[in-house]
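Good morning, everyone, and thank you for making the time. I would like to walk you through one model, slowly and in order, so please keep the sequence and the picture in view while I talk.

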Amino acid sequence: MSTAAAEHSPGRGEADGVAARARGLTKAYGSGETTVLALDSVDVDIARGRFTAVMGPSGSGKSTLMHCLAGLDTVSAGQVWLGNTEITGLKDRELTRLRRDRIGFMFQSFNLVPTLNAAENITLPMDIAGRRPDRKWLDQVIDTLGLRDRLTHRPAQLSGGQQQRVACARALVSRPELIFADEPTGNLDSRSGLEVLGFLREAVDALGQTVVMVTHDPGAAAHSDLVLFLADGRIVDEMARPTAPAVLERMRLFAGGHQQAPASGTVPAGRDDAARRED
Ligand SMILES: Nc1ncnc2c1ncn2[C@@H]1O[C@H](COP(=O)(O)OP(=O)(O)OP(=O)(O)O)[C@@H](O)[C@H]1O
């Protein structure tokens, strides 16, 4: 099915066009009888200035979709655009530059450099690229994420939630067009998970960023504006203004008998209580 996230977005200001788009996106792994069709002709529009969650049973193609939209993986067929740039067909070097300049990534493992302090970790990608961060924006990100008094701490001196906030700031610092978050709360206790979701929400609401988050957790998905449901490599449904019970119910419908219970440490739903800072 084709999604039209921009039309479905709730009233948090107008969505401003499409940040990423795929048409007929197909990804097959292997060949012959062992071929796995991870994505089966997916059409999707990711609305700019929105928080989109991608859900689905294990193996439904969530990570593959994210990797193909982010230019981290090649496609077997179809087209992908970031803004107006078609990324399918770009050469490796062009893709590397596009990812560096226009996309932010947050993964389950924070990938912070242990010998660098928080401030150095935040600006590392820009330092590597030889670019200077916009000081005003950097300050805004640091304050929004509540990291001002943690900047000189190294990762080992920070809690899991604080480390994930640093990872979030690092993803935001170049003011990317699109932030991809793969299970960003997966390694966190529920309170830290809530914090991170609150900050992703704020990145969208206060800083105007666009976030796509892959998650297994209906409570986490409930913080988004729109949930896309994947099953067997296809987008089979979407839900605007999600709530955790409604997402869980929809997951049950699409899991085809092997429904996943939310993991322990599941993040409770609700946006309003999400931004509690524990400093
Ligand atoms: N490198 C690969 N080689 C072969 N098959 C792969 C590869 N990567 C993914 N697949 C297969 O593609 C399908 C989709 O995988 P993907 O990781 O995108 O699913 P997912 O929904 O993210 O799963 P999970 O929730 O378990 O992370 C699965 O059947 C998987 O086994």
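**Confidence, strands and the ligand shell**

Let me begin with how far the predictor trusts each part, since what we have here is a predicted model. Confidence in the protein chain is highest in strand 3, with a mean pLDDT of 97, and lowest in helix 1, residues 5–8, where the mean is 38. Taken over the protein chain, the average pLDDT is 84, and 85% of the residues score at least 70. There are two stretches to treat with care: residues 257–268 have a pLDDT below 50, although the model gives this stretch 28 contacts beyond near neighbours in sequence, and residues 270–279 are also below 50, with 17 such contacts. For the model as a whole, the scores are ipTM 0.97 and pTM 0.82.

Now let us turn to strand 3, which covers residues 51–55. Is this strand buried or exposed? Of its 5 residues, 5 are buried, so strand 3 is largely enclosed by the rest of the structure. As general background, side chains in a regular strand alternate between the two faces of the sheet. Here F51, A53 and M55 point one way, while T52 and V54 point the other way, and all of them are buried.

Which strands pair with strand 3? Strand 8, residues 211–214, runs parallel to strand 3 and is joined to it by 4 bridges, and within that pairing F51 has V211 as its bridge partner. Strand 9, residues 226–231, also runs parallel to strand 3, again with 4 bridges, and there V54 is partnered by L228.

If we follow strand 9 onward, we come to strand 10, residues 234–240, which is antiparallel to strand 9 and joined to it by 6 bridges. L226 stands opposite A240 of strand 10 in this arrangement. The two strands make a hairpin with 2 residues between them, and in the turn D232 has a positive phi of about 50 degrees.

There is also an open sheet of 4 strands to look at, paired in the antiparallel sense, and its order is 2-1-4-5. Strand 2 and strand 5, the latter being residues 85–86, are at the edges with a single partner strand each, so one side of each has no neighbour in the sheet. Strand 5 is held to strand 4, residues 77–82, by 2 antiparallel bridges, and one of the residues involved is W81, whose bridge partner in strand 5 is E86.

W81 comes up again when we look at R21, a residue of strand 1, residues 18–29. Once neighbours within four places in sequence are left aside, R21 is in contact with D45 and W81. R21 counts as buried because 20 other C-beta atoms lie within 10 Å, and 20 is the number at which a residue starts to count as buried.

Finally, what surrounds the ligand? The residues around the ligand include Y29, V36, A38, K62, S63 and T64. Strand 2, residues 36–47, and helix 2, residues 62–69, each supply at least two residues of this shell, and helix 2 gives the most, with 3 residues. Sorted by class, the shell has 8 polar, 3 nonpolar and 1 charged residues.

Conventions: Residues numbered from 1 in each chain as written. Predicted model: local features only at pLDDT ≥ 70, side-chain atom pairs only at ≥ 80, totals over all residues. Buried ≥ 20, exposed ≤ 12 C-beta atoms within 10 Å, placed from the backbone. Pairing = 2+ DSSP bridges. pLDDT = per-residue confidence, 0-100. Contact = placed C-beta atoms within 7 Å. Near = placed C-beta within 6 Å. Nonpolar A, V, L, I, M, F, W, Y, C, P; charged D, E, K, R; others polar.
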